[in-house]
Amino acid sequence: MQDIRGFPARLGALLLPGALWMGLPQSAAASAPVKPDMTAAGLERLAHRRVFFGHQSVGGNILDGVRGLPDAKAPAIVEVKDANATIPQGTLAHAFVGQNERPETKLAHFEQLLDGGVAKQVDVALMKFCYIDFTSSTDAKSLFEKYRATLAGLKSRHPGVTFVHVTAPLTTVQRGAKAWFNELRGRPVFGVGENVSREAFNALMRQTYGGKEPLFDLAALESTQADGTRETYEVNGRAYPAMVPAWSDDGGHLNAQGQARVASALVTFLAALPESPASAKAGP
């Protein structure tokens with residue numbers, strides 16, 4: 001029997017394609033499919049904004065989804081390597097921040113870029129961790145406190161920037177005979193312990209920022225099926241969210257369907273943000 005955080009894991013969902021829904025938090029960004037006209041309107045509004053996005057591979061998947069949106073008014077997607085580079089209106093600027101499996105380096109790099117000049121040129125900034133930054137033994141509370149402190153500092157130093165918080169992405173969980181066999185032999189079952197850690201972090205994000213500051217609930221999007229039902233599994237009678245298998249081909253990265261889904265939601269979310277003083281910044 002597998003141990004997660006010191007307690008035995010009874011994985012009631014491993015042999016079933018779905019599991020009991022037990023009140024996992026919903027997100028406005030994930031409550032319903034985004035209509036094409038809303039996405040088009042969002043793209044048009046983003047043509048007048050400057051956004052900076054710090055990420056790694058799943059963020060790259062999302063940007064691929066933005067590139068694939070069927071509208072000629074999509075923002076220019078430009079990688080930032082020099083913090084002092086010019087960022088024109090209508091740009092979704094981005095950078096591959098830090099190193100995977102070392103989330104603190106992502107916070108430090110994101111902070112360095114914004115303090116180094118990016119914040120002077122953008123209206124909106126966001127960063128996300130990757131699913132690979134979390135293991136079954138991750139101290140989610142400690143990582144969240146580092147995130148909270150970093151973002152609080154950035155907000156105080158750059159009041160003209162709207163900072164968007166993003167929940168950590170999920171993975172699928174291994175199910176069926178292989179999962180049962182791994183549990184029987186005491187081996188880790190893919191996604192189970194890791195998603196528990198991700199959900200612990202995401203719960204702190206929702207508790208701290210939900211309804212108070214902009215929060216894009218990527219995890220809720222990834223764990224919501226096309227019909228609105230949730231993909232969950234059980235550990236000791238408690239439900240945890242997991243990536244819907246239809247949104248990924250490898251269990252972690254977004255496939256074409258997942259990219260389009262998240263990209264549409266993100267564009268609509270960013271476009272709905274209120275104007276900030278940064279929108280008056282000078283630039284081409």
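A residue is called buried when its relative accessible area is under 20%, exposed when that area is over 50%, and partly exposed in between, as judged with a 1.4 Å probe and the protein chains only. With this in hand, helix H2 makes a good starting point: Val58, Gly59, Gly60, Asn61, Ile62, Leu63, Gly65 and Val66 are its buried residues. The structure is a predicted model, in which local features need pLDDT of at least 70 and side-chain atom pairs count only at pLDDT 80 or more, while totals for chains, interfaces and linings use all residues. Residues are numbered from 1 along each chain as its sequence is written, and side-chain values use heavy atoms, with hydrogens and water left out.

The protein contains 8 helices and 10 strands; helices (H or I, at least four residues) and strands (E, at least two) are DSSP runs, numbered from the N terminus. Of the 284 residues in the protein, 53% are buried. The accessible surface comes to about 12200 Å², and carbon and sulfur atoms hold 56% of this area. Such areas come from the Shrake-Rupley method with a 1.4 Å probe, and for residues only the protein chains shown count as cover. A contact means heavy atoms within 4.5 Å. Among contacts between residues at least 6 apart in sequence, 75% join residues at least 24 apart.

Helix H2 (residues 57-67) is largely enclosed by the rest of the structure, because 8 of its 11 residues are buried. What do the buried residues of H2 pack against? Their partners are strand S3 (50-55), strand S4 (76-79), strand S5 (91-96), helix H7 (218-222) and helix H8 (256-271).

Two packed helices are described by the angle between their axes and the distance between the axes. Here the axes are lines fitted to C-alpha atoms, for helices over the stretch in contact, and angles run from 0 to 180 degrees between N-to-C directions. Angles under 35 degrees count as roughly parallel, over 145 as roughly antiparallel, 65 to 115 as roughly perpendicular and the rest as oblique. The axes of H2 and H8 come within 8 Å and cross at roughly 80°, which means that H2 is roughly perpendicular to H8. On the H2 side, Asn61, Ile62, Asp64, Gly65 and Val66 make the contact, and on the H8 side Gln259, Ala260, Val262, Ala263, Leu266 and Val267 do so. These residues comprise 7 nonpolar, 3 polar and 1 charged. In this grouping Ala, Val, Leu, Ile, Met, Phe, Trp, Tyr, Cys and Pro count as nonpolar, Asp, Glu, Lys and Arg as charged, and the others, Gly among them, as polar.

Helix H4 takes part in two further pairings. Helix H4 (residues 140-157) packs with helix H6 (residues 192-209) at an angle of about 40°, their axes being 9 Å apart, so H4 is oblique to H6. The crossing of H4 and H6 is right-handed; a crossing has this hand if the near helix is turned clockwise from the far one by less than a right angle, and is left-handed if anticlockwise. With helix H3 (residues 103-115), H4 packs at an angle of about 5°, with the axes 10 Å apart, so H3 is roughly parallel to H4. Residues of H3 in this contact include Leu107 and Phe110, and those of H4 include Leu143 and Tyr147. By class, the contact of H3 with H4 has 7 nonpolar, 1 polar and 5 charged residues.

Some single residues also deserve a look. Leu218 lies in helix H7 and is buried at 0% relative accessibility. Beyond residues up to four places away in sequence, Leu218 touches Ile62, Lys128, Val166, Thr167, Pro169 and Val262. Leu218 and Lys128 are 90 residues apart in sequence and 9.3 Å apart in space, C-alpha to C-alpha. Arg49, in the loop between helix H1 (36-46) and S3, is buried too, with a relative accessible area of 3%. Arg49 and Gly90 are 41 residues apart in sequence and 5.3 Å apart in space, C-alpha to C-alpha.

Most residues other than glycine have a negative phi. Glu101, however, has a positive phi near 75°; this residue sits in the loop between S5 and H3 and is exposed at 58% relative accessibility. Asn236 likewise has a positive phi, near 50°. Asn236 is found in the loop between strand S9 (232-235) and strand S10 (238-241) and is partly exposed, with a relative accessible area of 38%.
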